[in-house]
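Please examine the fold of the protein shown below, with attention to its sheet and its nonpolar cores.

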Amino acid sequence: MHDYLHQWVIRNLVLAASIGLCGFALLSDQTSAGPSSPSMSSDSGVCEKEEDCFQAAAMPKERFGKALNKEQVLLLKLDRLQRVMERFPATIWAKRAGVLSGVLLLERNPAVAIQFLRAAQRDLPVLDDYIRLWTGEALMNLGNAKQAADMFESIPQAVPDSAGIPKSVRDDMIIAPFNDAEAVDALVREHKDDLAGVIVEPFQRIIPPEPGFLAAVRKTTADNGVPLIFDEVVTGFRLAYGGAQEYYGVVPDLCTLGKVIGGGFPLAAIAGKAEIMAHFDKSKVGDENYLVQIGTLSGNPVAAAAGLATMAILKRPGAYERIHATGKELMAALDGLLRQAGIPAQISGEPPLWDVVFTDQKVRDYRGTLAGDPELMRRFNLLLRERGILKGESKYYISLAHTDDDIAFTIDAWKDAIKELKA
Ligand SMILES: Cc1ncc(COP(=O)(O)O)c(C=O)c1O
C-alpha cells in the first residue's frame, strides 16, 4: 500500500506542477536554473504581484543560496507561501499557496497540512482527487489509517474485478474518471512520455459520454502524441454501423471489436491507423517492431462467415433506425412506468443498449452506477424473469429480432413487476 501511495504522491507532485502549482520541483534537489526570476527585490520575500510571490516560492533551491539545507529551504518556501496567503487571501494564488503549503508539510506537520489542504479544497475542484490523496497521506502520517483509507477510496484507482490479476498490472495503469475531460487532460499531459495509450469505452457500460468529452480526450491525446484506443467490443456495429466512433463523431487511432462483429460466433478484431496496424506485418516494420498476433481460432472461417452475414443484415436500409426506434420506445415506457410508481430511477444509455439505475442522482460515471440500489435491481430482474423476461444482471440489449409483440410483452411485464415491487 505504501509503495503505491508513494508513487501516487510523486505523480501528484508532477501533475500539480503541470497545472500551475509550479513549486513542487523545489523539493527534488533539482539543479537546473528553473524559470526566469520573478520580480523579487531580494530573498526577503518582498514581491509586488501575487503571481510573482507565488513564483518566488517556486524557485529552485540554489536561488536561495547554496548554504541553505533542505529544511531551511522548506521553511523559506513556507514563509513565502504564507505571505501570498496573507497578502492576497481571496485569490487563486492564495489557494494554490495553501495546497502547496499542505504538501510541503505532509511529513513535517501533518495536522497543519490537513488544515491547509481542506481550506483550499473547495476552491480548487480540479485538484479535488489530489487533495484527497495528500490529505490521506497526512492522515496516515498521523496514524489515522481508517480515515486515510476512506480518503484513498474516494479516488479512482485500478481495482481488479477478478482474482488472478497481478498487482503489477494495476500498477501499470492510471485511472481517470469517465466524463471528466479536465482530469483526463491533466493526467495525459503529466504522463505523456510514459503512456502507451489511452483506452476508453466510448460509451461506458450504460453511460453515454457527455457532449464534448470524447472530442476533448481525442484532442489531448493527439496534442500529446499518445494513441487513443476505443474499446468498441460492445459498441462496435451496435450504436451505428460504424460503432461509437461514427455515432459520436470521434475517431480513435485504434479500436477493438467483438460481439456483434461475429453475429454470436467467436470473433474479434483490432482496427486502426495503417501506421499502427503495420506492426502486425513483419515485412513492413522488421523483426524488432513486429507484434505477434496469432491464435488458434484467429480468422476462424465459420465465425468470419457468421460475421459477414450479420454485417449484410445490418447494412440493410433502416436497420439502425429500427433498433433505435425500438430502444427509444422501451426506454420511454420504463421511465414513465417508474415515474408513475414514484420509484426514484434513472434510465441510462443509448437506445440500442441501456438500463435502469435505481437512484435519484444523474449517472455520469462508474461510481454513479454504484449509487443505484442493488437490492431493488435484483428484485426487479427476478420479478421480470418470473414474467418471461430473461435479463442479465444489467443492461437491456435491443435487437433487430425484437418485434412489436415483444415490445408490448416487455411493457406488460414491467407494469406487473413494478406493481409487485411496490407492494
Ligand atoms: C467493453 C468490453 N471490452 C472487452 C470485453 C472482453 O471481450 P472478449 O470477451 O472478446 O475478450 C468485454 C466483454 O464483455 C467488454 O464488455
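The following paragraphs treat the sheet, then its connections, and then the cores. The coordinates come from a predicted model.

The sheet is open and has four strands in the order E1-E2-E3-E4, with mixed pairing. Its edges are formed by strand E1 (198-200) and strand E4 (269-272), each of which pairs on one side only. From one strand to the next, the twist averages 20°.

Strand E2 (residues 228-232) offers a convenient point of entry. Five of the five residues of E2 are buried, so this strand is largely enclosed by the rest of the structure. In a regular strand, side chains alternate between the two faces of the sheet. Both faces of E2 are covered: Leu228, Phe230 and Glu232 are buried on one side, and Ile229 and Asp231 are buried on the other.

The pairing of E2 can be followed in both directions. Towards E1, the pairing is parallel and comprises three bridges; here Val200 stands opposite Phe230 in E2. Between these two strands the chain passes through helix H10 (residues 213-223), giving a β-α-β crossover that is right-handed. Towards E3, E2 again pairs in the parallel sense, over four bridges, and Ile229 stands opposite Leu254 in E3. The connection here includes helix H11 (residues 243-248), and E2, H11 and E3 make a right-handed β-α-β unit.

How do E3 and E4 run with respect to one another, parallel or antiparallel? Strand E3 (residues 254-257) and E4 run antiparallel and are joined by four bridges. Within this pair, Cys255 stands opposite Ala271 in E4. The parallel pairing of E2 with E3 and the antiparallel pairing of E3 with E4 both belong to the sheet's mixed pattern.

The nonpolar cores complete the description. In soluble globular proteins, nonpolar side chains tend to be buried together. The largest nonpolar core in this model has 29 residues, of which Ala97, Val99, Leu117, Ile131 and Trp134 touch the most other members. The elements that contribute two or more residues to this core are helix H3 (70-87), helix H4 (92-104), helix H5 (110-121), helix H6 (128-141) and helix H7 (145-153). Apart from this core lies another, of 26 residues, and among its members are Val198, Phe213, Phe237 and Tyr247. Two of these residues can be placed on elements already described: Val198 falls within the range of edge strand E1, and Phe213 falls within that of helix H10.

Definitions and conventions: Residues are numbered from 1 along each chain as its sequence is written. This is a predicted model: local features need pLDDT of at least 70, side-chain atom pairs count only at pLDDT 80 or more; totals for chains, interfaces and linings use all residues. A nonpolar core is a set of buried Ala, Val, Leu, Ile, Met, Phe, Trp, Tyr and Cys residues joined through C-beta atoms within 7 Å. A residue is buried if 20 or more other C-beta atoms lie within 10 Å of its own, exposed if 12 or fewer, and partly exposed in between; C-beta atoms are placed from the backbone. Two strands pair if DSSP finds at least two bridges between them. Axes are lines fitted to C-alpha atoms, for helices over the stretch in contact, and angles run from 0 to 180 degrees between N-to-C directions. A crossover is right-handed if, with the strands pointing away from the viewer, the path from the first strand over the helix to the second runs clockwise.
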